[in-house]
Structure formats: C-alpha cells, structure tokens
Amino acid sequence: MTQRMEELDHAREFDAFYAATAKRLVATVYAMTGDLAEAEDAVQEAYVRAWQRWEGLTRDGDPLPWVRTVASRLAISTWRRTRNRLRAQLRHGPVGDVPELSADRVALVAALRELPLPQRQAVVLHHLLDLPVEQVARETGASNGAVRTRLSRARKVLGERLTETTAFTAEGAARHG
C-alpha cells in the first residue's frame, strides 16, 4: 500500500510541475526554434522522458534545467533533420502570425530566427528566462566566455533588426493610419 501512495505522490508532484512549467517551456523552445509545432513536440517528449526518470530527477534537485535541456536538444535535432524543409518554407514567405501573439513578440521571434543557433539559445536562456551566464554555459555545454560573446553578438544583431522592424512598422502605420 505504501508503494501505491508513493506512486500517487510522484504523479501529483509531476502533474503540478508540468502545469507550472510547460507553457513557459514551450515559449522558450519556440523562441529558440521559431517553430511552434516543433517546440510543442520537443517539450512534450522531454516531459515524457522526465516522467520516466522522475524520482531520480527530483532527488537530484530541480528537474526544470534537465527538462529544458532535453527539450532544446530534441528541437535542435529535429530542426537539423528538417533544415531543407524549413528553407523551402522560408522561400515561400514567412509563417503567418501565431494566434494570441503580439506584433512585438512576432518581431522578436522573427529576429531570433536570423541568429545562429548558439546565439539564439544564449539569448533565450539568459534574457527570456533570466538564467545566469554560468547556468546558460552549463546547459549549452559552452564556456562562460563563449556565452558572453554569443550574447554580445546577438544583442547587436537583435538591436539592429528590431530597430529596423519598429521603424518599418511605424512607417506603415503612419501611411495607413
């Protein structure tokens, strides 16, 4: 009977963890990949894998970094395998707006898509999730210095892209408003 109660406790604990973290994790992986469906699939698979080793993950501390790393790696692997398909989609125009996303968020995700993957990961983990450089380095397998360099280069590119997008959007609004 004790084992059954322990299993129920683990299930409740996992359900609460999932409810508290899944939405933000999908948004994080989406920001890294620029593909909402891929992000959702990768995150779902990461939670399945987390459930399979839940007891060990919780015994070792906070399971979120592990789940985030697995989801990111799954999304990146999928992205690499489907790179040619994505290039074909990009040639035919940008993906339409995702429902319930502001114009600013859509512009940010579009600008993030233009960054090399290591820079994109660093920006999402550090600036969108507020992780310290040291944790970003651990999760990406890079040195602290490499993460700082990636962040610096990414901020420069994003600053230029987002300024261009803002100016373009304001100009269009003035013309049509």
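A residue counts as buried when its relative accessible area is under 20%. In this predicted model, helix α8, residues 133-140, has the buried residues Val133, Gln135, Val136, Ala137 and Glu139. Val133, Val136 and Ala137 are among them. Residues three or four places apart on an α-helix point the same way, because the helix has 3.6 residues a turn. Directly after α8 comes Gly141, which has a positive phi near 75°.

With that one helix in view, turn to the whole chain. The protein chain has nine helices and zero strands. Read from the N terminus, its elements therefore follow the order α-α-α-α-α-α-α-α-α, each helix being a DSSP run numbered from that end. Of the 177 residues in the protein chain, 36% are buried. Contacts can also be sorted by distance along the sequence. Among those in the protein chain that link residues at least 6 apart in sequence, 65% join residues at least 24 apart.

The N-terminal part is a good place to begin. Helix α1 covers residues 2-33 and helix α2 covers residues 36-52; their axes come within 9 Å and cross at roughly 150°. An angle over 145 degrees counts as roughly antiparallel, so α1 is roughly antiparallel to α2. The crossing of these two helices is right-handed. On the α1 side, the contact is made by residues including His10, Phe14, Tyr18, Leu25, Val29 and Thr33. On the α2 side, Leu36, Val43, Tyr47, Ala50 and Trp51 are among the residues that take part. Sorted by class, the contact of α1 with α2 has 15 nonpolar, four polar and one charged residues.

Some of these residues also appear in a nonpolar core. The largest nonpolar core has 21 residues, and those with the most contacts inside it are Leu25, Val29, Val43, Ala46, Tyr47, Val67 and Ala71. Helices α1, α2, α3 (54-59) and α4 (64-81) each supply at least two residues of this core. The largest share, seven residues, comes from α1. Tyr47 shows how one core residue is surrounded. Leaving aside its neighbours within four places in sequence, Tyr47 is in contact with Phe14, Phe17, Tyr18, Thr21, Ala22, Leu25 and Val67. There is also a second, separate core of 19 residues, which includes Leu112, Val123, Val124 and Leu131.

Two residues with small side chains give a closer view of the first four helices. Ala50 lies in helix α2. Is Ala50 buried or exposed? Ala50 counts as buried because its relative accessibility is 0%. Apart from neighbours within four places in sequence, Ala50 is in contact with Phe14, Leu57, Trp66 and Val67. Ala50 and Trp66 are 16 residues apart along the chain, and their C-alpha atoms are separated by 8.1 Å.

The other residue is Ser72, which lies in helix α4. Ser72 has a relative accessibility of 7% and so counts as buried. Which residues is Ser72 in contact with, leaving aside its neighbours within four places in sequence? They are Val29, Met32 and Gln121.

Gln121 leads on to the later helices, since it is one of the α7 residues that make the contact with α8. Between α7 (117-128) and α8 there is a loop, and Asp130 lies in it. Asp130 is exposed, because its relative accessible area is 62%. Its backbone also deserves a look. Most residues other than glycine have a negative phi. Asp130 is not glycine, yet its phi is positive, near 60°.

On either side of this loop, α7 and α8 pack at an angle of about 135° with their axes 9 Å apart. That angle makes α7 oblique to α8. Their crossing is right-handed. The contact is made by Gln121, Ala122, Leu125 and His126 of α7 together with Val133, Val136, Glu139 and Thr140 of α8. By class, the contact of α7 with α8 has four nonpolar, three polar and one charged residues.

The last stop is helix α9, residues 144-176, where Ala146 is found. With a relative accessibility of 25%, Ala146 counts as partly exposed. Ala146 and Gln119 are 27 residues apart in sequence, while their C-alpha atoms are 9.6 Å apart in space.

Methods:
Residues are numbered from 1 along each chain as its sequence is written. This is a predicted model: local features need pLDDT of at least 70, side-chain atom pairs count only at pLDDT 80 or more; totals for chains, interfaces and linings use all residues. Side-chain values use heavy atoms; hydrogens and water are left out. Axes are lines fitted to C-alpha atoms, for helices over the stretch in contact, and angles run from 0 to 180 degrees between N-to-C directions. Helices (H or I, at least four residues) and strands (E, at least two) are DSSP runs, numbered from the N terminus. Angles under 35 degrees count as roughly parallel, over 145 as roughly antiparallel, 65 to 115 as roughly perpendicular and the rest as oblique. A crossing is left-handed if the near helix is turned anticlockwise from the far one by less than a right angle, and right-handed if clockwise. Contact means heavy atoms within 4.5 Å. Ala, Val, Leu, Ile, Met, Phe, Trp, Tyr, Cys and Pro count as nonpolar, Asp, Glu, Lys and Arg as charged, and the others, Gly among them, as polar. A nonpolar core is a set of buried Ala, Val, Leu, Ile, Met, Phe, Trp, Tyr and Cys residues joined through side-chain atoms within 4.5 Å. Buried means under 20% relative accessible area, exposed over 50%, partly exposed in between (1.4 Å probe, protein chains only).
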